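Here's a walk through a two-chain model, taken piece by piece. Keep the viewer open as you read.

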Amino acid sequence: MTFGDLLLQQTINGLSLGAMYALLALGFTLVYGILELINFAHFNVFMVGSFVGLWTLQAMGLSGQSVILTGLPLLGVMLTALAVTMVVSGVLGVAIERLSLRPLRNVRGPAAMITTIGVSYVLFNIVLLTAGADSKNYPNPLPPLTWALGDAVLRLREVLIWIVAVALMLALHLFVQRSRLGKAMRATAQDPEAARMMGVEVDRVIVIAFFVGSALAGAGGLIFGLYYNFTSFIIGFTAGLRAFTAAVLGGIGNVPGAMLGGVIIGLIEAMGSQFIAAAWTDVIIFSILVLVLVFRPAGLLGRVAPNRS
Amino acid sequence: MRDKPLLQFQGVNTYYGDLHVLKDVDYDIADGEIVSLLGGNASGKSTTMKTIMGVVRPVSGSVRFDGQRIDTFATAERVRRGIAPVLEARRLFPRMTVFENLEMGAYTRKRGAEFDADLDRVYQLFPRVKERRTQLAGTLSGGEQQMVAIGRALMARPRLICMDEPSMGLSPLFVEQVFEIVQQINRQGTTIFMVEQNANLALAIAHRAYVLQTGRVVLSGSAADLRRNPAIQEAYLGELQVT
């Protein structure tokens, strides 16, 4: 492979990882934007989402790499898996908010954040104890279609991952920018008390932020399984921490920032593993995070807050 | 006549933790009035506004709107019933456009002909707001922001607008403009309850006023009477009459 082809190949890989990190980063940023809370439970909502995707695919009769589908059956199976995963993950996020965070809404200090760490470990252990410690083979009904770009290879699954991720992010963008609830969400993030006095029911906005963020994390979990062909109870922490880094890198609380940060982290991971060494991935990612925060504490697209008065 | 009560406080007491803020406060705001609330710092003026909006709940006493007790209602329900705030320091949503800020004012209402009519009304009152409608609210000058803040309240099609320090931080020219608009809005049928530091101007446009001191109503009456009251002249009008 020439250097150019290697670069192209790692760009393809990096964009796929980036799509996954971006979907996951959006959940951190939506919740942080409204509650100024870092939700560590999100790590394992992503992991649970990956399992929900696995179980849904298995329930539709798919296991391992044995069944290959094309055309409408493929579309139907994939859309069903995506829809079920997103809804179940979204409901899980809402349940976490209702049961463990709402009672702490008016408690000052780090109590809520520590609680999210606790919830994260609860999810982690429930999956470990019920599904077992071994890696699960992920069904992948996609036909092994590939396109050669020089020596680089573009697989169908990458194209599908991009389409799904872009469609979801576009939908989120339209929701946040155009819909009544999306506008209420932005208003609440900018000034919760003023939003409330416009008649916004802030608790409802928070529920929606958790639902949407967790549903996107679920989609990310499904993408993880399809991309790596496995899932495991342990995948939440590494992917979650990198996605959280992506959110901070882009400017936490900032929706386009989370998308940009996700893509950057994905590309760094892919390039780093090709041109440096995979083992150094996290060293590189977190060094870049530290550098960005030193020189641009608000993140790449972080807002320069206009004066309120 | 102006005697149908729109907003009533009866024996209202509020607390922040152990701090007793409003002490046995009574207000009677009739439909169609402009009523000013005067008082120094920490006298309970902003708490009054927050109590009307339901952000602060009274520990005892009652708050009635249009004859009905509202002190247990959520803020959204009060907005729906026709109370809209113009908040202290404007409090626009800085990274939303002027138009989106106006939309937020109409949050509890359906879009449609009424919305369009109210938008037209706001644009007629404030041609400047129409010009700036696609700009982010945080980029406007203080005076322009105040126009948007009043426009945002009007978008709720309220029966009562609660204004918290509408003149704060504005140039004298803008202050006069704002007060003229307030009178105009009132003539069109909206009741105004206004907290204002600038007692001179407040008493010039108000029909009646209350004076709060450390959480108690110490004086109330028609604006004309209060303007002539030596205690008021000394406490609130003195330095302002020189200018």
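Before the helices, one bit of vocabulary: an axis here is a line fitted to C-alpha atoms, for helices over the stretch in contact, and angles run from 0 to 180 degrees between N-to-C directions. Also bear in mind that this is a predicted model.

**A helix pair in chain A**

With that in hand, look at helix α2 (residues 41–59) of chain A and helix α3 (residues 71–101) of chain A: their axes come within 9 Å and cross at roughly 145°. The crossing of α2(A) and α3(A) is right-handed. On the α2(A) side, the residues making the contact include A:V45, A:G49, A:V52 and A:G53, and α3(A) answers with, among them, A:A81, A:V84, A:V88 and A:G93. Sorted by class, this helix contact has 10 nonpolar and seven polar residues, and no charged ones.

**The nonpolar core**

Which residues have the most contacts inside the largest nonpolar core? They are A:A22, A:L23, A:A25, A:A209 and A:A219, in a core of 164 residues. Zoom in on A:A219 and, leaving aside residues up to four places away in sequence, you'll find it touching A:L23, A:L82, A:T85, A:M86, A:V164 and A:L168. A:L23 thus turns up both among the core residues with the most contacts and among the contacts of A:A219. As a general point, in soluble globular proteins, nonpolar side chains tend to be buried together.

**Where the chains touch**

On to the interface: 25 residues of chain B are in contact with 18 residues of chain A. On the chain B side, the elements giving two or more residues are α2 (75–81) and α3 (98–105) of chain B. That side is made up of 12 nonpolar, seven polar and six charged residues.

**Two sheets in chain B**

One open sheet has four strands in the order β4-β1-β6-β7 (chain B), with antiparallel pairing. Its edges are β4 (25–30) and β7 (68–69) of chain B, each of which pairs on one side only. Within this sheet, B:R64 stands opposite B:R69 in β7(B).

The other open sheet has six strands, ordered β8-β9-β10-β5-β11-β12 (chain B), and its pairing is mixed. β8 (83–86) and β12 (216–222) of chain B are at the edges with a single partner strand each, so one side of each has no neighbour in the sheet. The twist averages 15° from one strand to the next. Helix α6 (residues 142–154) of chain B packs on this sheet, touching β8 and β9 (160–164) of chain B, and its direction makes about 175° with that of β8(B).

Here are some strand pairs of chain B, side by side:

| Strand pair | Sense | Bridges |
|---|---|---|
| β6 (60–65) and β7 | antiparallel | two |
| β8 and β9 | parallel | four |
| β9 and β10 (191–195) | parallel | five |
| β5 (34–39) and β11 (208–213) | parallel | five |

**Around β9**

Is β9(B) buried or exposed? Five of its five residues are buried. B:L160, B:C162 and B:D164 lie on one side of β9(B), with B:I161 and B:M163 on the other. Next door in β8(B), B:I83 and B:P85 point one way, B:A84 and B:V86 point the other way, and all are buried.

To trace the register, start from B:I83, which stands opposite B:L160 in β9(B). B:V86 stands opposite B:M163. Moving on to β10(B), B:F193 is the residue opposite B:C162. Over in β11(B), the bridge partner of B:L38 is B:V211.

Notes. Residues are numbered from 1 along each chain as its sequence is written. Chains are lettered from A and ligands numbered from 1 in the order in which they are written. This is a predicted model: local features need pLDDT of at least 70, side-chain atom pairs count only at pLDDT 80 or more; totals for chains, interfaces and linings use all residues. A crossing is left-handed if the near helix is turned anticlockwise from the far one by less than a right angle, and right-handed if clockwise. Two residues are in contact if their C-beta atoms, placed from the backbone, lie within 7 Å. Ala, Val, Leu, Ile, Met, Phe, Trp, Tyr, Cys and Pro count as nonpolar, Asp, Glu, Lys and Arg as charged, and the others, Gly among them, as polar. A nonpolar core is a set of buried Ala, Val, Leu, Ile, Met, Phe, Trp, Tyr and Cys residues joined through C-beta atoms within 7 Å. A residue is buried if 20 or more other C-beta atoms lie within 10 Å of its own, exposed if 12 or fewer, and partly exposed in between; C-beta atoms are placed from the backbone. Two strands pair if DSSP finds at least two bridges between them.
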